Amino acid sequence: RGIVAGVYNEPAPGIGLLSDLKHFRTEVGAGPTTVETDLRFGLVYRPWDRTWTFLDKLELISDEESGGDMDTESWKIVNNFNANFRPNDDLQLSFLLGTKYVRETLQGQDFDGITYLLGSEGRYDLSPRWDIGGWASVLNTVETGTTEYGLGASLGYGLMENVWVSFGYNLLGFEDSDFSQGNFTAQGPFVKFRIKFDQETLRDILNR
């Protein structure tokens with residue numbers, strides 16, 4: 001059984017609020033029962049001049065399994081804050097601050113931990129279609145004292161309006177299920193493809 005719900009509202013020009021819920025309960029006759037819940041809150045501030053743009057997403061995620069060989073329960077709070085600064089039409093600077101608190105219970109024993117992510121990226125338009133960029137980040141796990149670094153660069157090309165592809169390589173990298181999605185943080189080469197989905201872009205793609 002599952003519940004999926006969401007709401008989006010713009011209380012003022014340039015300000016957007018988002019909330020969505022996903023809740024699933026799975027029961028197996030002779031097996032375990034799994035309950036998964038993901039509650040998200042989002043805030044975006046996009047003023048008309050677009051010099052600064054702010055995005056913040058807060059997630060509360062829980063996962064519980066009982067009735068099997070091992071009962072487990074985990075929940076975590078993840079917050080991602082992004083700030084984008086565009087001083088002119090050719091240059092963009094982005095800043096990221098991520099925080100995560102995780103708590104797990106395995107066979108009656110509790111484990112918890114805090115992780116921080118700090119990163120920055122810069123992109124410069126070489127021409128109307130080509131751009132170049134680089135990024136650097138630091139991922140720190142407090143309890144273990146582990147610190148991982150990310151460092152990479154990429155070259156991007158605009159295939160058409162609102163469609164962009166980039167080819168890059170990360171000299172240093174890391175993997176984290178809550179911070180790596182969509183950011184291509186693993187070490188090595190990568191290809192990133194982005195598209196802004198709206199009625200005009202979809203129409204242009206179909207026409208081509």
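# Charges, patches and fold in a predicted model

R25 counts as partly exposed because its relative accessible area is 35%, where buried means under 20%, exposed over 50% and partly exposed in between (1.4 Å probe, protein chains only). The model is predicted: local features need pLDDT of at least 70 and side-chain atom pairs pLDDT 80 or more, while totals for chains, interfaces and linings use all residues. Residues are numbered from 1 along each chain as its sequence is written, and side-chain values use heavy atoms, without hydrogens or water.

**Overall architecture**

- The protein chain contains eleven strands and one helix, both taken as DSSP runs numbered from the N terminus (helices H or I, at least four residues; strands E, at least two).
- In sequence order the pattern is β-β-β-β-β-β-β-β-β-β-β-α, which places the helix after the strands.
- Along the principal axes, the C-alpha atoms of the protein chain fill a box of roughly 60 × 40 × 35 Å.
- Of the 208 residues in the protein chain, 25% are buried.

**Salt bridges**

- The structure holds twelve salt bridges, each defined as a side-chain nitrogen of Lys or Arg within 4 Å of a carboxyl oxygen of Asp or Glu.
- R25 is paired with E27 in one of these salt bridges, and 2.8 Å separates the closest N and O atoms.
- E27, the acidic partner, is partly exposed because its relative accessible area is 45%.
- D131 and R123 form a salt bridge whose closest N and O atoms are 3.0 Å apart, and both D131 and R123 are buried.
- D38 and R40 are also joined by a salt bridge, with the closest N and O atoms 3.3 Å apart.
- The two partners fall into separate accessibility classes: D38 is buried, since its relative accessibility is 13%, whereas R40 is partly exposed at 26%.
- The pairing of D38 with R40 belongs to a network of salt bridges that links D38, R40, K57 and E59.

**Surface patch of negative charge**

- A patch of negative charge on the surface brings together E36, D63, E64, E65, D69, D71 and E73.
- Patch members have over 30% relative accessible area and no salt bridge; like charges are joined within 9 Å, and nonpolar side chains (Val, Leu, Ile, Met, Phe, Trp, Tyr) within 5 Å.
- Asp and Glu count as negative and Lys and Arg as positive, with His and the chain ends not counted; each charge is placed at NZ of Lys, CZ of Arg, CG of Asp or CD of Glu.
- Strand β4 (residues 52-66) supplies the largest share of the negative patch, namely three residues.
- E73 lies in strand β5 (residues 72-85), and it is partly exposed because its relative accessibility is 41%.

**Surface nonpolar patch**

- V138, Y149, L151, Y169, L171 and L172 make up a nonpolar patch on the surface, and together they offer about 560 Å² of accessible area, obtained by the Shrake-Rupley method with a 1.4 Å probe and, for residues, only the protein chains shown as cover.
- Two elements, β9 (146-160) and β10, each give two or more residues to the nonpolar patch.
- β10 gives the most, with three residues.
- V138 is located in strand β8 (residues 130-141), and V138 is partly exposed because its relative accessibility is 31%.

**The loop between β10 and β11**

- D178 sits in the loop that runs between β10 (163-172) and β11 (188-195), and D178 is buried because its relative accessibility is 14%.
- The side chain of D178 makes a polar contact with the side chain of K76 at 3.1 Å, a polar contact being a pair of N or O atoms within 3.5 Å; within protein, one atom must be able to donate a hydrogen and the other to accept it, and residues adjacent in sequence count only if both atoms are side-chain atoms.
- The side chain of K100 makes a polar contact with the D178 side chain, again at 3.1 Å.
- D178 and S62 are 116 residues apart along the chain, and their C-alpha atoms are separated by 13 Å.
- F179 lies in the loop between β10 and β11, where F179 is buried because its relative accessible area is 2%.
- From C-alpha to C-alpha, F179 is 7.4 Å from G98, although 81 residues separate F179 and G98 in sequence.
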